[in-house]
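Please examine the sequence and the three-dimensional structure shown below before reading further. The explanation afterwards proceeds step by step from the overall plan to individual residues.

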Amino acid sequence: MTLTSAALATLLLVAFTPAAFAQSSPAADFDLIQKKAEADPQLRGYFSRFSQMQQNSGAIRMMLDQVNNQIIGRNRTLPFAYRQEADVQIAQARGQVWGQLLSVDLNNDGEITAAELKTTLSFGGRNQVADAFFVSDANNDFVLSHEELRAEVERQVGDRNRFGGRSQSAALFDFDDDGILTDEEMQRGVAALSYKLP
C-alpha cells in the first residue's frame with residue numbers, strides 16, 4: 001500500500017497536534033527531557049541543578065516558577081522561537097567584539113597593525129586587542145588581517161553559551177525540537193518536572 005502525499009501530510013498533522021501531546025505521560029516526558037539534557041553539554045548543566053533539588057520540593061517549585069517567569073514572564077508570549085533569540089544574541093555579541101577590535105583600526109582599512117595597536121594603547125585603550133595579536137596573528141606578520149580578525153571574533157563569541165537561562169528552559173521543553181516552544185510543550189515540561197516532586 002502506497003501513501004499519497006495528502007495522506008502522509010494528514011498522518012503527520014495528527015501526529016503533531018496537541019491531542020498527540022495529551023497521550024504523553026509526565027514520567028515519559030521527564031525521561032525525554034533527561035535524555036535531551038544528557039546529549040547537550042549546555043543543557044546538562046542546567047538540568048543537573050534541577051536533579052540536585054529532587055529531595056527539596058520547595059526548591060523544585062521555585063525553579064519551576066523561575067522557568068515559567070523566564071519564558072512567559074514580562075509580557076512574553078508563546079510560541080517562543082528560542083533558537084532565533086539565541087541567534088540574535090550571538091549576532092549582537094559578534095557585533096560588540098567586532099566594534100572593540102575595529103576601534104583600533106585607525107586608518108579604516110579593515111586590518112590592525114602593530115603600529116595602530118601601539119598608538120591606541122598609548123592613549124589607554126583596548127588591551128584585549130593586544131591579546132588578540134598573540135592568539136590570532138596566524139602568520140606572525142604583526143598585522144591582523146580581515147580573516148584573522150574574523151577568526152578572533154568567532155573565537156571570542158564561540159566561548160559564550162548558545163542559550164541563556166530562558167532559552168535553556170525552552171530547549172529542554174521543546175519536545176519536537178523545532179526551535180519553537182509552544183504552550184502545549186510548556187505545559188508538558190512543567191508537568192514532567194512536577195512529576196518528580198517528592
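The following paragraphs describe the elements of this protein, the packing of its helices, its nonpolar cores and several individual residues.

The model is a predicted one. It contains 11 helices and 2 strands. Read from the N terminus, these elements follow the order α-α-α-α-α-α-β-α-α-β-α-α-α. The protein has 198 residues, of which 34% count as buried. Among contacts with a sequence separation of 6 or more, 66% join residues that are 24 or more positions apart.

The packing of helices may be considered next. Two packed helices are described by the angle between their axes and the distance between the axes. A suitable starting point is helix α3, which spans residues 26–39. Its axis and that of helix α11, residues 183–195, come within 8 Å and cross at roughly 95°. Angles of 65 to 115 degrees count as roughly perpendicular, and α3 and α11 are therefore roughly perpendicular to each other. On the side of α3, the contact is formed by Pro-26, Ala-27, Asp-29, Phe-30, Leu-32 and Ile-33. On the side of α11, the contributors are Arg-188, Gly-189, Ala-191, Ala-192, Leu-193 and Tyr-195. Sorted by class, the contact of α3 with α11 comprises 9 nonpolar, 1 polar and 2 charged residues.

Helix α3 also packs against α4, at an angle of about 130° and with the axes 6 Å apart. This geometry makes α3 oblique to α4. From α3, the residues Phe-30, Ile-33, Gln-34, Lys-36, Ala-37, Glu-38 and Ala-39 take part. They meet Pro-41, Leu-43, Arg-44, Phe-47 and Phe-50 of α4. The contact of α3 with α4 has 8 nonpolar, 1 polar and 3 charged residues.

Which helix holds Phe-30, and is this residue buried or exposed? Phe-30 lies in helix α3. Its relative accessibility is 3%, and because buried means under 20%, Phe-30 counts as buried. Phe-47 is likewise buried. The structure holds 2 aromatic pairs. In one of them, the ring centres of Phe-30 and Phe-47 are 5.8 Å apart and the ring planes stand at 55°, so the pair is tilted. Since Phe-30 belongs to helix α3 and Phe-47 to helix α4, the pair ties together parts that are 17 residues apart in sequence. Phe-30 and Ser-194 are 164 residues apart in sequence, but their C-alpha atoms are 9.2 Å apart in space.

The interior can now be described. In soluble globular proteins, nonpolar side chains tend to be buried together. The largest nonpolar core of this model has 22 residues. Those touching the most other members are Ile-33, Phe-47, Ile-71, Leu-172, Phe-173, Leu-181 and Leu-193. At least two residues of this core come from each of α3, α4 (41–52), α5 (57–72), α10 (165–173) and α11. Ile-33 illustrates how distant parts of the sequence meet: beyond its neighbours within four places in sequence, Ile-33 is in contact with Phe-47, Leu-172, Phe-173, Phe-175, Gly-189, Ala-192 and Leu-193. A second, separate core has 15 residues, including Leu-117, Val-129, Leu-149 and Val-157.

Another helix contact involves α8 and α9. The axes of α8 and helix α9, residues 146–158, come within 10 Å and cross at roughly 105°. Accordingly, α8 is roughly perpendicular to α9. Ala-132, Val-135 and Ser-136 of α8 form this contact with Glu-148, Glu-152 and Arg-155 of α9. The contact of α8 with α9 consists of 2 nonpolar, 1 polar and 3 charged residues.

Finally, two loop residues deserve attention for their backbone angles. Phe-142 is not a glycine, yet it has a positive phi of about 60°. Phe-142 is located in the loop between α8 (127–136) and β2 (143–144). Its relative accessibility is 57%, and Phe-142 therefore counts as exposed. Asp-177, also a residue other than glycine, has a positive phi near 55°. The loop between α10 and α11 contains Asp-177. With a relative accessible area of 45%, Asp-177 is partly exposed.

Definitions and conventions: Residues numbered from 1 in each chain as written. Predicted model: local features only at pLDDT ≥ 70, side-chain atom pairs only at ≥ 80, totals over all residues. Heavy atoms only, no water. Axes fitted to C-alpha atoms, helices over the stretch in contact; angles between N-to-C directions. Helix = DSSP H or I, 4+ residues; strand = E, 2+ residues; numbered from the N terminus. Parallel < 35°, antiparallel > 145°, perpendicular 65-115°, else oblique. Contact = heavy atoms within 4.5 Å. Nonpolar A, V, L, I, M, F, W, Y, C, P; charged D, E, K, R; others polar. Core = buried A, V, L, I, M, F, W, Y, C linked by side-chain atoms within 4.5 Å. Buried < 20%, exposed > 50% of the residue type's maximum accessible area, 1.4 Å probe, protein only. Phe/Tyr/Trp six-rings, centres within 6.5 Å; stacked < 30°, edge-to-face > 60°.
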